[in-house]
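Okay, thanks for making room for me this morning. Let me put the structure up, and then I'll walk you through the bits I'd like you to look at.

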Amino acid sequence: MGGTMKLLLRAARGEAVPRPPVWFMRQAGRSLPEYRALRADVGMLESCRRPDLVCEITLQPVRRHKVDAAILFSDIVVPLRAAGIDLDIVAGTGPVVASPVRTADDVAAIRPLEPGDVAFVAEAIRLLLAELGETALIGFAGAPFTLASYLVEGGPSRHHAKTKALMYGAPDVWHALCARLASITRVFLEVQIAAGVDAVQLFDSWAGSLSEADYRRYVLPHSRAVLDGLTVPRIHFGVGTGELLPAMAEAGADVVGVDWRTPLDVAASRVPGKVLQGNLDPCVLTAPWPVVAAETRRVVAEGKKAPGHIFNLGHGVLPETDPDVLTRLVEVVQSS
Ligand code: CP3
């Protein structure tokens, strides 16, 4: 195949492809015994700072499942930590921030990210590109709203109530915070692109908690500042964003990520002209194999209504997923 463009890139550009490329959000990680073994004695943030570990963990699902793309092993809070924000990833909980961001002074204390702060990411990408061959490498970052929700809440939250209190109650502080986060995220993605990733995905995982009007007013300009003019295909993803798909496409997306709640043929009519990524319910992977196979074929068929389709789950692989089911699922998509 040497010389031909990687399948994922062709699909992302809306070019005709023989079958959809396939990869999974969170394909590297908790579902894999080889990952759990590597991480046994290494903290999550430490593992993200070690290029040798990042490279090995990123490659594990590629070797095992033969997916068409690798996603860099990291976390959305890695650039925030690298910019000096005191936070940690606590096992079983997620990101925890030492001093939540609530005031104009808190926002002013957030400094920009310098490319040198994330040199370890660029180094990991260089190691990966030497190994990946025709397999695409996807870089990623968290979008301003989703990052802000961790900083304002101080950790994971269900309703993002404090985040919204700041947004509605102190819009100037909110916009200043999101502008700083957009600048950090932009630098983080530019470092990954300069190091050679084939595409990037912006995770606005929690944007689905917003109405379309509020998304447009409080979030879209900041996500646009991140995505505008990037030089590789951009995948823009959130959970529960069926009502936000057109606005997220406007913020910037060559590929719109869709969760399992919106069938891909419906999504295709909401964002005409856009390539789609998704959207098998991760929970389906726990069902008997005939159900998994039938649901996979349904998603592939519905994806044909879009100008291009990258097969994925509607959100990340669940920890309890049997990795053999993922491998078989890849075979179904790749023979479709
Ligand atoms: O599989 C794993 O859990 C691997 C290790 C790990 C990651 N993040 C990798 C990651 C761990 C322990 C975390 C902590 C973390 N960070 C959590 C809790 C995870 C849990 O379920 O226990 C959460 C919620 C975060 C914050 C976060 N990180 C969000 C909201 C996102 C966006 C994606 C999403 O799931 O909505 C991330 C990105 C992330 N964390 C990736 C990886 C490997 C992204 C790349 C990918 O999809 O593979």
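So, keep in mind that this is a predicted model. Let's start with the ligand: 21 residues surround it, and the closest are R26, R30, D75, S205 and H315. If you sort that shell by chemistry, you get 13 nonpolar residues, five polar ones and three charged ones.

Now, what do the polar contacts look like? Begin with D75, where a polar side-chain atom comes to 2.7 Å from a nitrogen atom of the ligand. Then there's S205: one of its polar side-chain atoms is 2.5 Å from a ligand oxygen. And H315 has a side-chain N or O atom 2.7 Å from an oxygen atom of the ligand.

How much of the ligand does the protein bury? Taken alone, the ligand exposes 840 Å², and the protein buries 88% of that. As for where it is, the ligand sits in the largest pocket.

Let me go back to R26 for a second, one of the closest residues to the ligand. Its backbone is worth a look: R26 isn't a glycine, yet its phi is positive, about 60 degrees. You'll find R26 in the loop between α1, residues 7–12, and α2, residues 33–39.

Away from the ligand shell list, here's a helix to check with a ruler. Helix α10 runs over residues 171–195, so that's 25 residues, and at 1.5 Å a residue it should span 36 Å. Its end C-alpha atoms are 36 Å apart, which agrees. Right after α10 comes G196, and its phi is positive too, near 120 degrees.

One last backbone feature, and please zoom in on this one. Which two residues does the cis peptide bond join? They're G278 and N279, with omega at about -10 degrees. N279 is in strand β8, which covers residues 275–280.

So, if you want places to click through: D75, S205 and H315 for the ligand contacts, then R26 for that positive phi, and G278 with N279 for the cis bond. That's me done, over to you.

Notes:
Residues numbered from 1 in each chain as written. Predicted model: local features only at pLDDT ≥ 70, side-chain atom pairs only at ≥ 80, totals over all residues. Heavy atoms only, no water. Near = heavy atom within 4 Å. Polar contact = N/O pair within 3.5 Å; in protein donor to acceptor, adjacent residues only side chain to side chain. Areas by Shrake-Rupley, 256 points an atom, 1.4 Å probe, with all protein chains shown as cover. 1 Å grid on protein atoms, 1.4 Å probe; cavity = no way out; pocket = protein on both sides within 12 Å on 5 of 7 lines; lining within 4 Å. Sits in = over half its atoms within 2 Å of the grid points. Nonpolar A, V, L, I, M, F, W, Y, C, P; charged D, E, K, R; others polar. Helix = DSSP H or I, 4+ residues; strand = E, 2+ residues; numbered from the N terminus. Expected span 1.5 Å × (residues − 1).
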